[in-house]
Amino acid sequence: MAETIKVGMADLKTCMAPNILTTLGLGSCVGIVLYDPLKKISGLAHIMLPDSTQIRNNDNKAKFADTAIDVLINEMVNMGAKKDRLVAKLAGGAQMFAFSSTNDLMRIGERNVEASKRILNQLGIKILSEDTGANYGRTIEFYSENGDLLIKTIGKDSKII
Amino acid sequence: MSDKMDFNELNEIHIDMLKEIGNIGAGNATTALSQLINKKIDMGVPKVNILEFKDLSEILGGAENPVVGILLNVEGQINGMMMFVLQQSSAHNLVNLLMGRDLDDFTEFTEMDLSALNEIGNIIAGAYLSSLSSLTELKIIASVPYMAMDMAGAILSVPAIEFGKVGDKALLIQTDFGKGKEEVKGYFILIPEMESYNIILNTLGIMG
């Protein structure tokens, strides 16, 4: 039987098929899924901020796009995944409040998405699909068995990306 | 104690002081609310909690539970944000009280309801901020309120990210208004920037 593993805010987890990784109520944070389709090993990080080097309090590696991706890759490689086979899916990075301001503090969702993409790109990890931006929260479930990422939102139909 | 501090290092004296601000702020907010609906409102003793991010949305019924958040940017001698958040059921109670409707009315919010909620949030948050301002004698200017209704986790991600820059915990002040059927549970989240934390605590004579 498949087990559903919950990933909290500023947290990350890995698992193997048939298990499912989930994170609830993503807002401006980004859910980064990494997946080895051959070994069916997957990882999910719920990051809050783009860059650990900009922040003094940066001990929690799961909190930042740059450090969380590194940790996920290492853990997955230890489980038998191959780095050049990894692919990615992204969700989240919403702007929850309709600020008129354009300052960086308010654009945090967008910056989280940009940073995640840039780092994945640098590592040569292809992004298969994404559901990012807009102004609503998302709950996501990743199925290690087939690589489906289910996106649930309030007041809209669920979708698989 | 050093003149700079980390949010994780907040001690009991700091918490007591923030609790006291919460108390006075919530008192002002209750009076404001009571005048608005022209009815006496009871207020519970505010509870102050310092919570890990992962536990923050649990207080609000879980990360997927629908809530209403009203956010104000704070400027002046203190910079940061302030959020007033309540469960959707409490938001319904509040709007029904204000509109003089049946308390069992759980129909969808109209445009008018939403704008009323936004204004209530504005008044409540403003009352809290003005007590902080008079206690510290610091000039605090709040922006127009921004409102969003969505999953608790998603709404709270905005203040959590701000806290995330300085620590792994968030400060939450819970206030209960009314009782029984009319109960409205509201939560204040105050997120000063690190520098502003020092300013607040210094002004209160706790540090330095």
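## Close-up views of a predicted two-chain model

**Figure 1. The interface between chain B and chain A contains zero salt bridges.** The model shown here and in the other views is predicted. Although charged side chains do not pair across this boundary as salt bridges, four residue pairs, each with both members at pLDDT 80 or more, are in polar contact between chain B and chain A. The secondary-structure elements of chain B that each contribute two or more residues to the side touching chain A are β2 (66-76), β3 (80-87), β5 (146-151) and α5 (152-164). Of these, α5(B) gives the most, with nine residues. By residue class, the side of chain B that touches chain A comprises 18 nonpolar, seven polar and six charged residues. In terms of contacts, 31 residues of chain B meet 31 residues of chain A. The size of an interface is often expressed as the accessible area lost when the parts come together. For chain B and chain A, the area buried between them is about 2,400 Å², and 67% of it lies on carbon and sulfur atoms.

**Figure 2. Chain B contains six helices and seven strands.** Along the sequence, the elements of chain B follow the order α-β-α-β-β-α-α-β-β-α-β-β-α. Chain B has 208 residues, of which 55% count as buried. Among the contacts in chain B with a separation of 6 or more, 72% are made by residues 24 or more positions apart.

**Figure 3. Two buried residues in helices of chain B are T30(B) and S90(B).** T30(B) is placed in helix α1 of chain B, which covers residues 12-37. T30(B) counts as buried because its relative accessibility is 7%, and the limit for that class is under 20%. The C-alpha atom of T30(B) is separated by 17 Å from that of M99(B), a residue 69 positions away along the chain. S90(B) belongs to helix α3 of chain B, residues 88-99. The relative accessibility of S90(B) is 6%, so S90(B) also counts as buried. Leaving aside residues up to four places away in sequence, S90(B) touches E183(B), V184(B) and K185(B).

**Figure 4. Helix α4 of chain B runs from residue 111 to residue 136.** The helix has 26 residues and, at 1.5 Å a residue, should span 38 Å. The C-alpha atoms at its two ends are 37 Å apart, which agrees with that expectation. Just after α4(B), the backbone of E137(B) takes a positive phi of about 55°.

**Figure 5. Helix α1 of chain A, residues 65-78, has its end C-alpha atoms 20 Å apart.** For 14 residues at 1.5 Å a residue, the expected span is 20 Å, so the model and the expectation agree. The buried residues of α1(A) are A65(A), D66(A), T67(A), A68(A), I69(A), L72(A), I73(A) and M76(A). The elements of chain A that cover these buried residues include the strands β2 (11-16), β4 (30-36) and β5 (41-47), together with the helix α2 (108-122). Just after α1(A), G80(A) takes a positive phi of about 115°.

**Figure 6. R107(A), E110(A) and E114(A) are linked in a network of salt bridges.** Within this group, the side chains of E114(A) and R107(A) meet at 3.5 Å, N to O. E114(A) counts as partly exposed, with a relative accessibility of 41%. R107(A) is likewise classed as partly exposed, at 21% relative accessibility. Over all chains, the model contains ten salt bridges.

**Figure 7. The salt bridge between D131(A) and R138(A) has an N to O distance of 2.9 Å.** D131(A) is buried, with a relative accessible area of 7%. R138(A), the partner of D131(A), is also buried, with a relative accessible area of 0%.

**Figure 8. The side chains of E141(A) and K152(A) form a salt bridge at 3.3 Å, N to O.** E141(A) lies in strand β8 of chain A (residues 138-143) and K152(A) in strand β9 (residues 148-152), so this pair ties together parts that are eleven residues apart in sequence. E141(A) is buried, with a relative accessible area of 16%, whereas K152(A) counts as partly exposed at 28% relative accessibility.

Notes:
Residues are numbered from 1 along each chain as its sequence is written. Chains are lettered from A and ligands numbered from 1 in the order in which they are written. This is a predicted model: local features need pLDDT of at least 70, side-chain atom pairs count only at pLDDT 80 or more; totals for chains, interfaces and linings use all residues. Side-chain values use heavy atoms; hydrogens and water are left out. Helices (H or I, at least four residues) and strands (E, at least two) are DSSP runs, numbered from the N terminus. The expected span of a helix is 1.5 Å times one less than its number of residues. Buried means under 20% relative accessible area, exposed over 50%, partly exposed in between (1.4 Å probe, protein chains only). Contact means heavy atoms within 4.5 Å. Buried area is the accessible area (1.4 Å probe) that two parts lose on being put together, summed over both. A salt bridge is a side-chain nitrogen of Lys or Arg within 4 Å of a carboxyl oxygen of Asp or Glu. A polar contact is a pair of N or O atoms within 3.5 Å; within protein, one must be able to donate a hydrogen and the other to accept it, and residues adjacent in sequence count only if both atoms are side-chain atoms. Ala, Val, Leu, Ile, Met, Phe, Trp, Tyr, Cys and Pro count as nonpolar, Asp, Glu, Lys and Arg as charged, and the others, Gly among them, as polar.
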